[in-house]
Amino acid sequence: MTFASVLLDTPPSANKMWRKGIYGMHPSAEYKAWKTGAGTEVMAARKGQTFTTPVEVIVILKRVHKLRDLDNNLKPILDALQFGNMLQDDNLVHAIHARWAHETDLPSMAGREVRVEVRTCT
């Protein structure tokens, strides 16, 4: 099994990824800025490895707002994995496990809000 992990900041909600403009929908400034920073983090963490076969993704998030939906974090994170070349394409994700972080997770998150693990499917 091949494995990679990355620590990230909390992404903007999927509800805030896109904005309507006079020429149609476009990525929001908040999303573009987060994606650029997250992509840099992913590139550094992947150590030259790009997954090109089916993978499972484990996402652990520190809950920064009690009303935020867990699933609204997933699309921006998957986009960042592809943007940072950890995934050849996010359609390779065959399974996702996501949960809010427990107190015992926080030391391994090194002060960051998101821990993402990518593993080849077995």
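**Helix H2 and its surroundings**

The buried residues of helix H2 are covered by elements that include strand E1 (3-8), helix H1 (29-46), strand E4 (55-61), strand E5 (93-100) and strand E6 (114-120), where helices (H or I, at least four residues) and strands (E, at least two) are DSSP runs numbered from the N terminus. This is a predicted model, in which local features need pLDDT of at least 70 and side-chain atom pairs count only at pLDDT 80 or more, while totals for chains, interfaces and linings use all residues. Residues are numbered from 1 along each chain as its sequence is written, and side-chain values use heavy atoms, with hydrogens and water left out.

Seven of the ten residues of H2 (residues 74-83) are buried, so the helix is largely enclosed by the rest of the structure; buried means under 20% relative accessible area (1.4 Å probe, protein chains only), with exposed over 50% and partly exposed in between. The buried residues in H2 are Leu-74, Pro-76, Ile-77, Leu-78, Asp-79, Ala-80 and Leu-81. After H2 comes Asn-85, with a positive phi near 65°.

The largest nonpolar core, a set of buried Ala, Val, Leu, Ile, Met, Phe, Trp, Tyr and Cys residues joined through side-chain atoms within 4.5 Å, has 24 residues, and those with the most contacts inside it are Val-57, Leu-81, Met-86, Val-116 and Val-118. Two or more residues of this core come from each of E1, H1, E4, H2, E5 and E6, and H2 gives the most, with five residues. With contact meaning heavy atoms within 4.5 Å, and residues up to four places away in sequence not counted, Val-118 touches residues including Phe-3, Val-57, Leu-81 and Met-86.
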